[in-house]
Amino acid sequence: MLKQKGKIIIGLTGVICSGKSSALQMLGALGAYTISADALVDAILKKENADKKAIADKIFNNEKERKKLEARLHPLVYKEAEKLIKKAKQNIIVFEVPLMFEAGWEKYFDVTLTISVDAKTQSARGKNKNNFEARRDAQLSNAEKVFLADVVIDNNKSLKDLETKVTDFFKNIKKPVIASGGAKQSTL
């Protein structure tokens, strides 16, 4: 189980090009222990000597193959994340999982955080990304992720604006950890 006594485990998600990786880096700089599902997948594929680009080209054009790969990788990612969370010394842990809601993983987190972006901004950020449309279409929409999240941070402006919002979120989430050793804050 990812949840740990005395720790707040935050599930961070968002659509492709929403800025979730930037938010993860910011939260790490503020003192949270951070984990990236994408980095764990990269490590797994590297151990297998798999060609990540070839796999991406294949799975983002074939839903059946994508689901098959996800079914194989998700348990491995979960297991590795569980080990990392148990070892973490920090009491706030942020686990970036792009497919958190799609995989049904929201139940593993004390708080779910979605980085939100409008379609125009998302498209502008993703215009040079490989398989952007296929990756976007393989995920829930921004509106769906916003609806499912406990907390939403809008990221349609500057990186500085995102940093201010992420810092405010971290300050608010940190209060109950200090006050009660890990109790979930009722309102964020």
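The following paragraphs describe helix 4 and the nonpolar cores of a predicted model.

Helix 4 covers residues 63-87. At 1.5 Å a residue, its 25 residues should span 36 Å, and because the end C-alpha atoms are 35 Å apart, the expected and modelled lengths agree. The axis nevertheless carries a kink of about 30° at leucine 73, shortly before proline 75. At the N-terminal end, helix 4 is capped by asparagine 62, which places a side-chain oxygen 3.1 Å from the backbone nitrogen of lysine 64.

Leu73, the site of the kink, is also one of the buried residues of this helix. The others are Arg66, Leu69, Glu70, Val77, Tyr78, Ala81, Glu82 and Ile85, a set that includes charged as well as nonpolar side chains. The partners against which the buried residues pack are strand 1 (8-14), strand 2 (33-36) and strand 3 (92-96), together with helix 2 (37-47) and helix 3 (52-59).

The largest nonpolar core contains 25 residues, and the members that touch the most others are Leu2, Val77, Phe95, Val97, Trp105 and Phe109. Two or more residues each are contributed by helix 2, helix 4, strand 3 and helix 5 (100-103). Helix 4 provides the largest share, with 6 residues.

Phenylalanine 109 illustrates how distant parts of the sequence meet in the fold. Neighbours within four places in sequence aside, phenylalanine 109 contacts Leu2, Lys3, Ile9, Ile10, Gly11, Phe95, Val97 and Met100. A further core of 20 residues lies apart from the largest one; among its members are Ile8, Ala23, Leu24 and Phe169.

Key:
Residues are numbered from 1 along each chain as its sequence is written. This is a predicted model: local features need pLDDT of at least 70, side-chain atom pairs count only at pLDDT 80 or more; totals for chains, interfaces and linings use all residues. Side-chain values use heavy atoms; hydrogens and water are left out. Helices (H or I, at least four residues) and strands (E, at least two) are DSSP runs, numbered from the N terminus. The expected span of a helix is 1.5 Å times one less than its number of residues. The bend at a residue is the angle between axes fitted to the seven residues ending there and the seven starting there. Buried means under 20% relative accessible area, exposed over 50%, partly exposed in between (1.4 Å probe, protein chains only). Contact means heavy atoms within 4.5 Å. A polar contact is a pair of N or O atoms within 3.5 Å; within protein, one must be able to donate a hydrogen and the other to accept it, and residues adjacent in sequence count only if both atoms are side-chain atoms. A nonpolar core is a set of buried Ala, Val, Leu, Ile, Met, Phe, Trp, Tyr and Cys residues joined through side-chain atoms within 4.5 Å.
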